[in-house]
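Biologist: I am new to this one. Could you show me how to read its main features?

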Amino acid sequence: MDRDEQQPSLRERRRRQTEDEIGNAALELFERQGVAATTAEDIARAAGISPRTFFRFCATKEQAVMLGDRELETDLLAELGALRAGDDAYAALETYWHDALTRLGADPTSGDRFLRVRRLALHEPTVLATSLRLDAERTELRVSTLVASTGTTPLRARAVVDAFSTMVRLTLEEWVRSVEAGDPADPLTVYAQCRVAFREAVAGSRVTA
């Protein structure tokens with residue numbers, strides 16, 4: 001089924017709404033007063049929920065700002081699960097990330113929030129640590145999904161997934177740097193540049209000054 005034709009249930013829509021409220025509250029508080037000065041109770045209060053509800057969605061306060069990534073991760077796993085033996089998994093992931101960046105670019109609110117979270121992670125060690133831990137957990141799920149859908153070996157699946165994850169991280173870091181340098185770049189342009197640089201590095205092309 002095409003992703004645009006999927007109709008989430010009322011329960012799912014409410015869950016996403018609550019996640020958005022928690023994530024937005026956490027991001028605004030972290031940016032305004034810093035992560036160290038913000039508590040989970042502060043975030044819950046700003047989101048209009050109880051601390052008990054907060055901890056049903058997030059194990060830590062830092063995890064709250066990562067809630068917005070869940071839909072992207074769900075789409076990515078669906079992409080991996082749809083692959084079959086003989087498919088070019090890395091090419092499929094490149095196409096997925098291009099489409100994801102396109103959607104973010106078409107939705108200024110989501111795109112801005114996505115960028116702000118990545119900027120926060122670069123400057124707040126505890127948020128970065130949480131992001132890296134979640135990435136490690138997601139890597140295992142991506143690898144197992146790819147093995148199940150294509151029948152490839154765990155080693156080959158991990159090589160594809162890790163290469164893709166490196167590309168994503170490189171793209172996001174360069175995007176943030178362009179914004180902080182006062183010359184915001186289009187994320188798709190950054191992605192295209194990173195793809196070229198990454199492929200040249202893997203191919204052993206000589207790096208010149």
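Modeller: We will go through the domains, their contact, the salt bridges and the database annotations. Keep in mind that this is a predicted model.

Biologist: Let us begin with the domains. Which residues does each domain cover?

Modeller: The domain assignment of the protein chain gives two entries: domain 1 spans 8-62, and domain 2 spans 66-205. Taken over C-alpha atoms, the centres of domain 1 and domain 2 are 24 Å apart.

Biologist: How many residues does each domain bring to the contact?

Modeller: Domain 1 brings 16 residues and domain 2 brings 12 residues. Contact here means heavy atoms within 4.5 Å.

Biologist: How much area do domain 1 and domain 2 bury between them?

Modeller: About 1,200 Å². Carbon and sulfur atoms hold 54% of that area. Now look at the domain 1 side. Glu19, Leu27 and Glu62 lose the most area to domain 2 there, and together they make up 43% of what that side buries.

Biologist: What polar links run between the two domains?

Modeller: Six residue pairs are in polar contact between domain 1 and domain 2, with both residues at pLDDT 80 or more. Which helix gives the most to the domain 1 side? Helix H1, residues 10-33, with 10 residues. Sorted by class, the side of domain 1 that touches domain 2 has six nonpolar, four polar and six charged residues.

Biologist: How should I read a salt bridge?

Modeller: Start with the general idea. Side chains of opposite charge can pair when their charged atoms come close. In this model, the whole structure has 18 salt bridges. Between domain 1 and domain 2 the count is two. Find Glu31 and Arg116: their side chains meet in a salt bridge at 2.6 Å, N to O.

Biologist: Which residue pairs with Asp69?

Modeller: Arg118, through a side-chain salt bridge of 2.6 Å, N to O. Asp69 sits in the loop between helix H4 (61-64) and helix H5 (70-81), while Arg118 is in helix H7 (residues 108-123), so the pair ties together parts that are 49 residues apart in sequence.

Biologist: What does UniProt list for residues 39-58?

Modeller: An unreviewed UniProt entry lists residues 39-58 as "DNA-binding region". In the model this span is 75% helix and 0% strand, with its end C-alpha atoms 13 Å apart. An annotation from an unreviewed UniProt entry, "domain: HTH tetR-type", covers residues 16-76. Over residues 16-76 the chain is 72% helix and 0% strand, and the end C-alpha atoms lie 17 Å apart.

Methods
Residues are numbered from 1 along each chain as its sequence is written. This is a predicted model: local features need pLDDT of at least 70, side-chain atom pairs count only at pLDDT 80 or more; totals for chains, interfaces and linings use all residues. Side-chain values use heavy atoms; hydrogens and water are left out. Domain bounds come from an automatic or database domain assignment. Buried area is the accessible area (1.4 Å probe) that two parts lose on being put together, summed over both. A salt bridge is a side-chain nitrogen of Lys or Arg within 4 Å of a carboxyl oxygen of Asp or Glu. A polar contact is a pair of N or O atoms within 3.5 Å; within protein, one must be able to donate a hydrogen and the other to accept it, and residues adjacent in sequence count only if both atoms are side-chain atoms. Helices (H or I, at least four residues) and strands (E, at least two) are DSSP runs, numbered from the N terminus. Ala, Val, Leu, Ile, Met, Phe, Trp, Tyr, Cys and Pro count as nonpolar, Asp, Glu, Lys and Arg as charged, and the others, Gly among them, as polar. UniProt positions are given in the numbering used here, feature names are shortened, and annotations may be inferred rather than shown by experiment.
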